[in-house]
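User: I am a first-year student and would like a close look at a single part of this protein model. Could you take one helix, explain what surrounds it, and then lead me outward from there to the charged pairs, the ligand and a few serines?

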Amino acid sequence: MPAPRLEIDLAKIHHNASQLVTQFALQGISITGVCKATLGLTEVANTMCDAGVRFLADSHIENIESMRRDGVRAEMTLIRSPMLSQVARVVASADVSLNTEIEVIQRLSAAAQKIDRVHGVVLMVELGDRREGIMPDDLLMVVGETLRLPNIVLKGIGTNLACRNGISPDVKNMAELSALADLIEATFEIKLDLVSGGNSANVDWGLSESPPGRINNLRLGESILLGCETLHRQPIPDLFTDAFTLVAEVIESNIKPSKPEGVCAQTAFGEVGVALDCGLVMQSILAIGRQDIDPEGLVAPTGIEVMAASSDHMIVVSETDCLALGSEVAFQLNYSALLLAMTSPFVAKVIKKGQTVSACSAHNKPYPLYKHLI
Ligand SMILES: *Cc1c(COP(=O)(O)O)cnc(C)c1O
């Protein structure tokens, strides 16, 4: 099997998605499966759909286009406000986009008219995390202007918390979103299909006793893929946290002094070395690095510790035996390590379906986005 590789267990992703879909359905909340961490990998997208997610979403139009090319059948939402330079691609491939700028929506309208399509718009509202969103006081004005635009349909409103400042979704800000939905409907005499309350940071709020109000959708990525909520990174009961495993190969193994020797200046990544002296250690080098993973985001097997990584070498120390040259070490990953591993062309993506394991060729190649630059 190729190394390094990311093994992707579709059965575990299916289990996680279907648990979340079922639990949130009890609250009247539909799930949008967010594919961006897997670069819109078709097998993962189809698995989420089989497990009952209502819509799929991604932040990159490139990923939505590749899922479409591979025949993934689902309504697809672009969850980052479209670039003006990409509006034609957005209306061609995405059914819906999350929006915060009226000028973008005007350009989506013009692009949609050109190809005779109707594009759905969800207006994002800023409720405290200070990333994307229309300020609540401006919302009615933007709704009014959106409703006038040809080939645009206002699907609903949404918010995104926790990503920038870690602001928690709670009873107060969720009630504020519900109240805004009511206000829009009363003011314009319309019905909003979608009130999208947030991302995996909303899992605790959503599964608590508090009534969901008008919120009828969540956009979930990390909780489906890694089985944890994202405010405190606690595992969600009954979900798998090990659907992804990173495997790397040993290219050097030796007993070395842990204490560096010589004059200490900056490392490859600008840090100043502060190695502790633990005497002689059983040190191995794995053929993987910061170009492929975030070393802080890896969980090593018992008895092995990640010490450092440069762009292409990762150093581990083993407590018991020297790792054999050519042997493999398997790690669990957090979201940051997963993002990098999925995006690195050097990490093979290997799909596990039940007992069968198959290499996924499309994503072993450099990410298609870069093709036209070569
Ligand atoms: C990334 C993202 C999500 C999904 O976030 P997770 O933490 O992976 O669930 C949802 N909504 C928006 C706008 C996003 O950018």
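Analyst: The buried residues of helix 3 are covered by several elements, among them helix 2 (42-50), strand 3 (55-58), strand 4 (76-78) and helix 4. Please keep in mind while reading that this is a predicted model. Helix 3 itself spans residues 61-69, and seven of its nine residues are buried, so that the helix is mostly covered. The buried residues are I61, E62, N63, I64, E65, S66 and M67. It helps to recall how such an element is built: an α-helix has 3.6 residues a turn, so residues three or four places apart point the same way. Just after helix 3 the chain reaches G71, which takes a positive phi of about 80°.

Helix 4, one of the elements that cover helix 3, also leads us to the charged pairs. Side chains of opposite charge can pair when their charged atoms come close. The structure holds 15 salt bridges, and one of them joins the side chains of R117 and D95, with 3.5 Å from N to O. D95 lies in the loop between helix 4 (87-93) and strand 5 (96-99), while R117 lies in the loop between helix 5 (102-114) and strand 6 (119-125), so this pair ties together parts that are 22 residues apart in sequence. Both partners are partly exposed, R117 with a relative accessible area of 29% and D95 at 22% relative accessibility.

Another salt bridge joins R130 and E126, whose closest N and O atoms are 2.6 Å apart. Here the two ends fall into separate classes of exposure, for R130 is partly exposed, with a relative accessible area of 48%, whereas E126 is buried, with a relative accessible area of 5%. Salt bridges can also be linked to one another, and D182, E185, K191 and R214 form a network of this kind.

A further pair deserves some patience, since one of its residues returns later. The side chains of R290 and E271 meet in a salt bridge, at 4.0 Å from N to O. R290 lies in the loop between strand 11 (280-286) and strand 12 (298-299), and E271 lies in the loop between strand 10 (244-257) and strand 11, so the pair ties together parts that are 19 residues apart in sequence. R290 counts as partly exposed at 22% relative accessibility, and E271 likewise counts as partly exposed, at 42%. R290 also lies over the face of F269, at 5.0 Å from the ring centre. As for rings paired with other rings, a search of the whole structure finds zero aromatic pairs.

F269 and R290 are both touched by S310, which also touches A268 and G289 when residues up to four places away in sequence are not counted. S310 is found in the loop between strand 13 (304-309) and strand 14 (314-318), and at 22% relative accessibility it counts as partly exposed. S310 and Q291 are 19 residues apart in sequence, and their C-alpha atoms are 8.4 Å apart in space.

A second serine, S258, is found in the loop between strand 10 and strand 11. At 18% relative accessibility S258 counts as buried, because the class takes in values under 20%. The side chain of S258 reaches the backbone oxygen of G279 at 2.7 Å. Leaving aside neighbours within four places in sequence, S258 is in contact with A275, L276, D277, C278, G279 and V281.

The ligand comes next, with 13 residues around it, of which K36, S200, R219, G221 and E222 come nearest. A backbone N or O atom of G221 lies 2.8 Å from an oxygen atom of the ligand, and a polar backbone atom of E222 is likewise 2.8 Å from a ligand oxygen atom. N160 instead offers a polar side-chain atom, which lies 3.3 Å from a nitrogen atom of the ligand.

The last serine, S223, is found in helix 9 (residues 222-226) and is buried, with a relative accessible area of 0%. A polar contact of 2.8 Å joins the side chain of S223 to that of S200, and S200 is among the residues that come nearest to the ligand. Not counting residues up to four places away in sequence, S223 touches N16, L20, S200, V203, C228, I236 and L239.

Terms used: Residues are numbered from 1 along each chain as its sequence is written. This is a predicted model: local features need pLDDT of at least 70, side-chain atom pairs count only at pLDDT 80 or more; totals for chains, interfaces and linings use all residues. Side-chain values use heavy atoms; hydrogens and water are left out. Helices (H or I, at least four residues) and strands (E, at least two) are DSSP runs, numbered from the N terminus. Buried means under 20% relative accessible area, exposed over 50%, partly exposed in between (1.4 Å probe, protein chains only). Rings of Phe, Tyr and Trp (its six-membered ring) pair if their centres lie within 6.5 Å; planes under 30 degrees apart count as stacked, over 60 as edge-to-face and the rest as tilted. A charge sits over a ring if NZ of Lys or CZ of Arg is within 6 Å of the ring centre and within 35 degrees of the ring normal. Contact means heavy atoms within 4.5 Å. A residue is near a molecule or strand if one of its heavy atoms lies within 4 Å of it. A polar contact is a pair of N or O atoms within 3.5 Å; within protein, one must be able to donate a hydrogen and the other to accept it, and residues adjacent in sequence count only if both atoms are side-chain atoms.
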